[in-house]
Structures are given as C-alpha cells and as structure tokens.
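Reader: I should like to learn how to read the features of a structure of this kind. Might we begin with the strands and then turn to the ligand?

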Amino acid sequence: MTKLNIGFIGLGNMGGPMAANLVKAGHTVTVFDLNQSVVSELTSQGAKAGVDAAQCATNADVLISMLPAGKHVKSLYLGNNDNNGLIEVLSKNTLVIDCSTIDAESARVVGNALDEQGIRFVDAPVSGGVAGATAGTLTFIVGGEQTAFEKANTVLADMGKNIFHAGDIGAGQVAKICNNMLLSILMAGTSEAIQMGINNGLDPKVLSDIMTASSGRNWTLELYNPCPDVMETAPASNNYKPGFMVDLMAKDLGLAMEAAQQSNSSTPMGSMAKNLYTMLQHQGAGSDDFSAIFKLFSK
Ligand code: NAD
C-alpha cells in the first residue's frame, strides 16, 4: 500500500487513536492540537509534531481534521479575525478529510470554498466511538465527489472497517445525524418499555430476551441494553461510564433539529428525544453514557 504524508489536526478522544492507527499503518503523520500533552502522546507513538496547523497542512498528501464543532472547522480552514485559514497554504495536491461531526451547512461552506481553489474536500463523520477509533473499526460516512471519495477510501481504511459514500459534500453529516437521531429515539423507547415491564413485575433480562426475539428488536436491546445488570458489557452495568456521552448525543440532536428546520422536515420523535437528552444534561448527567436516559424513567 502507498505510504503517504498525512497531516492530522485535533488529537482528542477520537483523533488521538485515529492518528495512532495511521502511524501503525506506516504513514508519515504530522500532528497538531492546541493541547500540547496530546501531541506529546502521539509523538511517543511515532508521529511528528507540527509547530502549528499550517505545518501539518503544507506538503501533506492528505490532511485530516477531527474537531469539536462547525465553528472550529470553519475557522481552521477559512480563518477568523486572528488567523489566516489553511486555505492560504493548502496545495491542490492535498485531499482534505474532515471527520468531525458538524452541521452540514458548515461542511458545505468549507468544502465549496476549498473546491473553488481546486482543493479536494470530503466530510467523513464517524460512528463507532472511542472503542472503534482505538480498534480501527470505525464506520466512515463520506460526502464528496467520487474521485475524492475513492482517494479518501484508501486512507480511511487504515482507521475503519465500513466506509460509505452518502452523496455530495455535506451528505456524510446529514446521514450521520439521521442515524444518531434514530438511535436516540430507540434508546429512549427501549428504556421506557423495559421500565414499564419492571413496574409491572417483569424481570428486565427476561423481558429484554423476549423483545430481542420479537418485533421490538433493535440495536440498543441487542448490544447496548440501558437497564443495569441486564448486559454485563453495556455501560449501564458499569455505572453508565461512557461510551458515547449524553453531551455528545445532545449536540448531535441539536444538529438534527437544525437540519429538520432547514429542510422543513417533521421530526416529532427526534424533537422529543432532544428534549429528554437536554433534561438529562440539566440533571448533571452530561458526562454519563447516553444510555443513562433509562434513569429518567426509573422509579
Ligand atoms: P475532543 O474534545 O476529545 O477532541 C477535540 C480536540 O480538538 C481537542 O484535543 C482540542 O484541543 C482540539 N482542538 C480544538 N480546536 C482546535 C484547533 N483549532 N486546532 C487544533 N486542535 C484543536 O472530542 P472528540 O470526542 O475527539 O470528538 C471529536 C469529534 O468527533 C466531534 O465532532 C464529536 O462529535 C465526534 N465524535 C465523537 C465520538 C465520541 O465518542 N467521542 C463519536 C463519534 C463522533
């Protein structure tokens, strides 16, 4: 496989292990984060430290970013009052892959601005969490034109297992928030059904087995049961240690509600899930796993 010069910006819970897997795959990886300690962690694993984001971008075959939100991605690439954006230093030979989960509109604004300069861009948000990032088994949901997707595919394969082409720039973000909106609804619905069973004298494990083999079957029942002590490996059985945090699910539901409004879509279930997750945040559970929504229903 071709070994590439890869720049990687944003080495947090997800970006750190993703960059480490690119190093393991034999690429030359130059990394940057505002937090120096995560940069040092990566250099101890064989990455090179960039002095700034521009150094990661210059001469990179591929530049990857993994940042918290749309405003960070926009200011990184397009600049702000204090900094020029990377658009000033990127070469036409560099493919830009933004893996952050952000609003589709920000992805389109950045992608189209780069495209006007002849720089290829794809949005490639991920599913699979920190465990998937560490194991190199992430799912990537990519938006962008076909040739950019094909080039991105070769690099994403070193960090993930399933790689989907959802459509044009921004489509990756739309598909990702549709999935997470559905997941939040399934998690809330599964929680209320199990609690109703408990309140009516059922054993939650027996009820979960019955529903898993019946028409209520879904991913949360099968792999991520929200009721403590039903599934040994689920966060619910480990004091709701994440996993995927309530705060991140609430953020994704905020993005889903924006997308619904912009497209005049009717999303009553998503809207309810957004409210339930906001209530959970107000109860101080923002850092718990998102399956902690079960606690809203328990007596
Ligand atoms: P994180 O907060 O752990 O990491 C973000 C990193 O970006 C931090 O290290 C921060 O210092 C750095 N950063 C911010 N602005 C920067 C800048 N201008 N230049 C350089 N570095 C900068 O977040 P995370 O959990 O790694 O999530 C990253 C993205 O992935 C988010 O969009 C999140 O929604 C998404 N995501 C997270 C998970 C998860 O389970 N954590 C799962 C799927 C998707």
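Author: Let us begin with one facing pair: Val96 stands opposite Phe121 in β6. Please bear in mind throughout that the model is predicted.

Reader: In which sense do strands β5 and β6 pair, and over how many bridges?

Author: Strand pairing is described by its sense and by its bridges, and two strands pair if DSSP finds at least two bridges between them. Here β5 (residues 95-98) and β6 (residues 120-123) pair in the parallel sense, over four bridges. Between these strands the chain passes through helix α5 (residues 104-116), and the resulting β-α-β crossover is right-handed.

Reader: Which residues are the closest to the ligand, and how many surround it?

Author: A residue belongs to the surroundings of a ligand if one of its heavy atoms lies within 4 Å of it. By this reading 19 residues surround the ligand, and the closest are Asn13, Met14, Asp33, Leu67 and Lys251. The shell comprises 10 nonpolar, six polar and three charged residues.

Reader: Which atoms of Asn13, Met14 and Lys251 are 2.9 Å from an oxygen atom of the ligand?

Author: For a polar contact, one looks for a pair of N or O atoms within 3.5 Å. A polar backbone atom of Asn13 is 2.9 Å from a ligand oxygen, and a polar backbone atom of Met14 is 2.9 Å from a ligand oxygen. In Lys251, an N or O atom of the side chain is 2.9 Å from an oxygen atom of the ligand. Of the 830 Å² of accessible area that the ligand has on its own, the protein covers 84%.

Reader: Why does the ligand lie between domain 1 and domain 2?

Author: The ligand lies between them because domain 1 (5-169) and domain 2 (174-297) both contribute residues to its shell.

Reader: Which backbone angles merit attention in the loop between α10 and α11?

Author: Omega describes the peptide bond: from Pro242 to Gly243 this bond is cis, with omega near 15°. Gly243 is placed in the loop between α10 (219-223) and α11 (246-262). Asn239 is found in the loop between α10 and α11, and its phi is near 55°, a positive value in a residue other than glycine.

Note on methods: Residues are numbered from 1 along each chain as its sequence is written. This is a predicted model: local features need pLDDT of at least 70, side-chain atom pairs count only at pLDDT 80 or more; totals for chains, interfaces and linings use all residues. Side-chain values use heavy atoms; hydrogens and water are left out. A polar contact is a pair of N or O atoms within 3.5 Å; within protein, one must be able to donate a hydrogen and the other to accept it, and residues adjacent in sequence count only if both atoms are side-chain atoms. Accessible areas come from the Shrake-Rupley method with a 1.4 Å probe; for residues, only the protein chains shown count as cover. Ala, Val, Leu, Ile, Met, Phe, Trp, Tyr, Cys and Pro count as nonpolar, Asp, Glu, Lys and Arg as charged, and the others, Gly among them, as polar. Domain bounds come from an automatic or database domain assignment. Helices (H or I, at least four residues) and strands (E, at least two) are DSSP runs, numbered from the N terminus. A crossover is right-handed if, with the strands pointing away from the viewer, the path from the first strand over the helix to the second runs clockwise.
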